[in-house]
Amino acid sequence: MVKIIEEILNELPKDAKISNTYFEGANIILYTTSKDFFLDNGDVIRKVVGKVKKRIELRPDPSLCMEMEKAEKEIKKLSPKDAGVTEILFDPQRSIVVIEAEKPGSAIGKHGEILREIKNKTFWVPVIKRTPSIKSKIIENIRSVLYQNNDYRKKFLNKVGHKIYDTYTKSKKEEWVRVTMLGGGRQVGRSSVLMQTPTSNVLLDCGINPGIETGPESYPMLDGPEFKLSDLDAIVLTHAHTDHSGFIPFLYKMGYRGPLYCTAPTRDISALLALDSIGVSFKQAKKNLFDIQDVKEMVKHTITLNWEEVTDITPDMRLTLYNSGHILGSSMIHLNVGNGSHNFLYTGDMKYLKTRVLDPAATKFPRLETVMIESTYGDKNAVLGSRKKAEERLVEVVEETVKKKGKILIPVLGVGRAQELLLVIESAIREGRMKKLPVYVQGMVWDITGIHTAYPDFLNKDLRRSIFHKDQNPFLSDVFKKVGSRKEQDAIMESNESCIIVATAGMLNAGASLEYFKRMADNAKNSMIFVTYQGAGTLGRRIQDGERKIIFSDDGKASEVEVKLNLEIITDFTGHAGRTELMQFVKDLNPRPRKILVQHGESSKCIDLASSLHKANRMETFAPKNLEGVRLR
Ligand SMILES: [Zn+2]
Ligand SMILES: [Zn+2]
């Protein structure tokens, strides 16, 4: 028997009647055949948790669970009407019943009294989830993939637990910790960092380079000598942008079957982006890097964590995710490595300002020695203007274009800026600062907005509060119109009415934004507003740099588009921290780290930020190139 389980069982009284023990990742699950012990164990379990410092959950043995049909009736009877229960899903393998409700608070009851009653009467463990206010197909699909693979999931999670706990004793090898850049070193794109100790190999992010279509520089340098897929213990993902998440389904295609750790919204949006890339490739008659089955494998192997939930991921690494303020669910990765000997923070992409959607990145940690920070806007000249001014400029451009009877195209990344912008536009219209006009939200942006309403816990307090009230939910405003089909796109283009179109991709490299651009470009009445970073090599960047004659080749036919529309660049909406924020963030870090590694920025920006941080804080700083490794301990 695994040592940790032995230790736990020794602490429990005889009448606990533990019939089975399982791992769900690092969580330890005990099943009991004793009704009394399940319903009331005093603080026996709490005391054991305090002693072994692991998460332990007590569940009824499946033999105790009430028949599902009966239990469903009982749950419906016990749930108050105003809870708005929409779905009841049983997971008999784990003795868990998921109850989806419009008002989770009412479904839980005062001090959890309704949950307790459900437990008492049915001997199932109830878990309450919020019904999203905008229906999301991707969330439904992901839940059904997980549901259909319950059996596999249970075995997989148990295996993950064994890998963490089987070598529970301290390793006697000489201790060291090192990080290697496999991508994102002095560049924006293909972010990937390998973290190694004598016992563990963990990958932080694994993205593609959206600026380069195919070629050796499109993907992280997994052919580097340090990396071996078969030795990989875990992947941790900061957020759902393809420059961080885009290569992960390919690892599953290549046979990786280990865990992927991230927040639930990151899982959902990454899956959505991966499926979208398959769709885009299909339309362009190109072969995609991976297919639907590989995305399913990724979802099946994802272990979701909430912010500030501590979990072991290997025998000598403990992971905690913290808010990074960048997009929905985006996280900084904190790793307590080598049995606590080193504490490492990888910021991923971050924002250190409160936005309409999110709170600023966290700065307080239990311990901290090394920080790896992004530097998209890291150089001295990249000081961002105020958000208020950016909002005013946006309103001005819209008004000017409406006066000319033109249309406004805003290419977005789909996640993050898109929702921020929708909220800016909604509030400007609601407060009368902008004339009411239709805002066409293209398919995927809409889906991702739906995911926002499903995870209010990851939003800032103000937005969370308004989402809880149906009539105040800004995402449900009637100015927003969902556009899906080609026919609907045609109708918008053929109409004379002024409107705002919010569509992906953000750098015009593919997707609906490119289609709209081709049809709007040669009309000087129209406007296009860039609100996101335009990566080197993309069409967006070429236009931003002044190119005005664009040659397209569709199905072998070449066509030329002249860019006459009015181009506006408002980068101050960016989800990245500007120079001032980055400097302030490091200053505010608590505790103060000893070493800063700078990456995720063009070469000059990485070097500039590294040298400024060194001067300002007297800390050791370094901007590693790809394949450069740093020993942390
Ligand atoms: Zn990002
Ligand atoms: Zn990024």
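This tour moves from the whole chain to a group of packed helices, and then to several backbone details in loops.

**The whole chain**

Begin with the entire protein chain in view, bearing in mind that the model is predicted. Its secondary structure amounts to 21 helices and 28 strands. The radius of gyration is 26 Å, close to the 26 Å that the globule rule gives for 633 residues, so the chain is as compact as a globular protein of that length. Turning the model along its principal axes shows a C-alpha trace that spans about 80 × 60 × 45 Å.

**Helix H11**

Next, select residues 264-283, which form helix H11. This helix has 20 residues and reaches 29 Å from its first C-alpha to its last, close to the 28 Å expected at 1.5 Å a residue. Following H11 is Ala285, a residue with a positive phi near 55°.

**H11 against H15**

Keep H11 selected and add residues 443-454, helix H15. Two packed helices are described by the angle between their axes and the distance between the axes. For H11 and H15 the angle is about 165° and the axes lie 10 Å apart. The pair is therefore roughly antiparallel, since the angle is over 145 degrees. H11 passes H15 in a right-handed crossing.

Which residues of H11 and H15 meet? On the H11 side they are Pro265, Asp268, Ile269, Leu272 and Asp276, while H15 contributes Met444, Asp447, Ile448 and Ile451. Sorted by class, this contact has six nonpolar, no polar and three charged residues.

**H11 against H7**

Now hide H15 and display helix H7, residues 137-148. The axes of H7 and H11 come within 10 Å and cross at roughly 105°, which means that H7 is roughly perpendicular to H11. From H7, Ile138, Ile139 and Ile142 take part in the contact; from H11, Asp268, Ala271 and Leu272 do so. Five of these residues are nonpolar, none is polar and one is charged. Asp268 and Leu272 may be kept highlighted, as these H11 residues meet H15 and also belong to the contact with H7.

**H7 against H12**

With H7 still displayed, select residues 292-300, helix H12. H7 and H12 pack at an angle of about 75°, with 10 Å between their axes. H7 is thus roughly perpendicular to H12. Ile142, Val145 and Leu146 of H7 meet Lys296, Val299 and Lys300 of H12. The classes here are four nonpolar, no polar and two charged residues. Ile142 appears in this contact and in the contact of H7 with H11.

**Backbone details in loops**

The last stops concern the backbone. Most residues other than glycine have a negative phi, and most peptide bonds are trans.

- Select Phe123, in the loop between helix H6 (113-122) and strand E6 (125-130). Although Phe123 is not a glycine, its phi is positive, at about 55°.
- Move to the loop between strand E21 (500-503) and helix H18 (511-520), where Ala505 lies. The peptide bond from Thr504 to Ala505 is cis, with omega near 0°.
- Finish at Pro591, located in the loop between helix H20 (579-588) and strand E26 (595-599). Asn590 and Pro591 are joined by a cis peptide bond, with omega about 0°.

Conventions:
Residues numbered from 1 in each chain as written. Chains lettered and ligands numbered in written order. Predicted model: local features only at pLDDT ≥ 70, side-chain atom pairs only at ≥ 80, totals over all residues. Helix = DSSP H or I, 4+ residues; strand = E, 2+ residues; numbered from the N terminus. Expected span 1.5 Å × (residues − 1). Axes fitted to C-alpha atoms, helices over the stretch in contact; angles between N-to-C directions. Parallel < 35°, antiparallel > 145°, perpendicular 65-115°, else oblique. Left-handed = near helix turned anticlockwise from the far one by under 90°. Contact = placed C-beta atoms within 7 Å. Nonpolar A, V, L, I, M, F, W, Y, C, P; charged D, E, K, R; others polar. Rg over C-alpha atoms; globule rule 2.2 N^0.38 Å.
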